[in-house]
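Please look over the sequence and the model shown here, and then follow the paragraphs below from the cysteines to the aromatic rings and on to the ligand.

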Amino acid sequence: MVQASAPGKCILFGEHAVVFGQPAVAVAIDQRMTVSLEKNSEWRIDGMKFISKRHPHVEALKQRLWASGPPLSVKIKGDIPPASGLGSSAALSVAAAGALRCARGRQLIGQDWAEGFSARNPNNVYQGPWENSAGDSILIGNKSVDVDECAILAHAVEAHAQGGRASPLDSSTCSHGGCIVLSDKVERGLDWLYTRKLNGVAWEVHSVDLPSNIDDVWLVIGNTEVHAPTADQVSKVATLLKENPDKMKEIETIGIVARRGIDALVSGDMDGVGIAMTENHLLLRNLGVSSPELENLISAAAPSSLGVKLTGAGGGGCMIALTRNPKETSEAIELAGGKTLISRLASKGLAVEDTNLQIWNPFDN
Ligand code: MEV
């Protein structure tokens with residue numbers, strides 16, 4: 001068996017404004033998706049027949065990484081609620097990419113991959129030998145897994161499943177873990193990772209080292225369990241800006257607040273982070289992406305929190321509270337009718353948890 005897992009994410013600052021090039025910040029949360037693979041006589045997913053339309057993310061990865069591989073039994077489990085703004089599909093894509101890459105292995109020629117993520121040619125599938133007698137030139141098992149590659153794959157797959165529109169915020173956060181900042185330019189003082197481009201939009205992706213006092217605070221996530229598709233919320237904001245160009249000030253102010261939030265995060269000023277989160281929420285509310293259900297949970301959480309806001313596209317889905325009293329905040333949200341999850345900030349990224357490939361050659365029928 002091969003098993004990999006990846007975390008979900010919460011956006012601390014900058015949702016919606018990131019679509020217009022403003023900075024956005026997301027952290028990986030403790031809740032994860034786990035994908036395990038086992039060789040099987042036919043394709044199965046959670047014991048059922050694999051129907052590609054029902055599993056577009058797994059299907060897209062299968063085409064990219066397993067085009068000529070033998071049938072697999074795929075098992076998916078996790079504690080990230082689906083379609084609630086917490087990155088469940090990106091986490092699934094990253095974990096599945098990690099598990100498939102681990103099972104497939106990678107050949108290196110010098111410092112270069114002998115085949116890349118987009119190789120669809122079945123002749124590119126590495127066929128062994130699995131015993132490496134040539135130094136580092138053949139990577140199998142978790143040595144072959146590269147977090148950048150899994151982030152690229154997950155972004156491509158998310159875009160495919162969302163009709164071409166997806167920022168790399170979810171895919172990069174769920175792959176690298178920790179804290180990820182996106183911007184339209186390279187930000188001084190942050191660790192620049194790479195540039196991602198899609199449909200004429202470019203994002204500079206950075207990681208941020210958070211100070212140790214983030215251990216004193218928790219995120220309490222309150223789920224309204226109201227589903228509001230991201231695409232609808234994004235187009236709602238686009239229409240608002242078209243009809244009221246003045247509202248672009250709100251978008252720019254979200255960018256200013258996000259930068260203040262990043263400075264507070266980096267310097268360990270958690271009170272400052274909370275204040276910036278609450279300010280960010282008020283601006284999102286002015287853009288019309290909050291909802292009565294979100295406001296209800298936010299009001300309940302506010303008295304015991306450093307900061308509160310909706311997270312993700314809004315209209316439903318989840319809110320987050322940054323708090324030093326997770327039990328009190330969680331109880332307040334539950335009393336107001338929300339379902340809660342508690343997470344630390346900046347959880348670990350992609351992890352390959354079980355790799356038994358030395359004795360399992362997936363191409364050896
Ligand atoms: C959704 O999680 C975040 C949005 O900013 C959309 C996006 O960044 O693609 C609303």
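C179 has a relative accessible area of 2% and therefore counts as buried, since the cut-off for that class is under 20%. C174, at 0% relative accessibility, is buried as well. The model, which is a predicted one, holds zero disulfides, so no pair of cysteine sulfur atoms in it lies within 2.5 Å.

The aromatic side chains come next. A pair of aromatic rings is described by the distance of the centres and the angle of the planes. The count comes to one aromatic pair, and that pair is formed by W43 and F50, whose rings are 5.8 Å apart from centre to centre with 40° between the planes. The arrangement is classed as tilted because an angle under 30 degrees would count as stacked and one over 60 as edge-to-face. F50 is buried, its relative accessible area being 12%, while W43 has a further partner in K62, which lies over the face of the W43 ring at 4.8 Å from the ring centre. An arrangement of this kind also involves Y194, where R196 lies over the ring face at 3.6 Å from the centre.

The last stop is the ligand, which is surrounded by K9, I11, E15, H16, V18, V19, S167, G312 and A313. Taken alone, the ligand exposes 300 Å², and the protein buries 86% of that. By class, the shell around the ligand is made up of four nonpolar, three polar and two charged residues. Two of the surrounding residues can be followed down to individual atoms: a polar backbone atom of H16 is 2.8 Å from an oxygen atom of the ligand, and an N or O atom in the side chain of S167 is 3.3 Å from an oxygen atom of the ligand.

Terms used. Residues are numbered from 1 along each chain as its sequence is written. This is a predicted model: local features need pLDDT of at least 70, side-chain atom pairs count only at pLDDT 80 or more; totals for chains, interfaces and linings use all residues. Side-chain values use heavy atoms; hydrogens and water are left out. A residue is near a molecule or strand if one of its heavy atoms lies within 4 Å of it. A polar contact is a pair of N or O atoms within 3.5 Å; within protein, one must be able to donate a hydrogen and the other to accept it, and residues adjacent in sequence count only if both atoms are side-chain atoms. Accessible areas come from the Shrake-Rupley method with a 1.4 Å probe; for residues, only the protein chains shown count as cover. Ala, Val, Leu, Ile, Met, Phe, Trp, Tyr, Cys and Pro count as nonpolar, Asp, Glu, Lys and Arg as charged, and the others, Gly among them, as polar. Rings of Phe, Tyr and Trp (its six-membered ring) pair if their centres lie within 6.5 Å; planes under 30 degrees apart count as stacked, over 60 as edge-to-face and the rest as tilted. Buried means under 20% relative accessible area, exposed over 50%, partly exposed in between (1.4 Å probe, protein chains only). A charge sits over a ring if NZ of Lys or CZ of Arg is within 6 Å of the ring centre and within 35 degrees of the ring normal.
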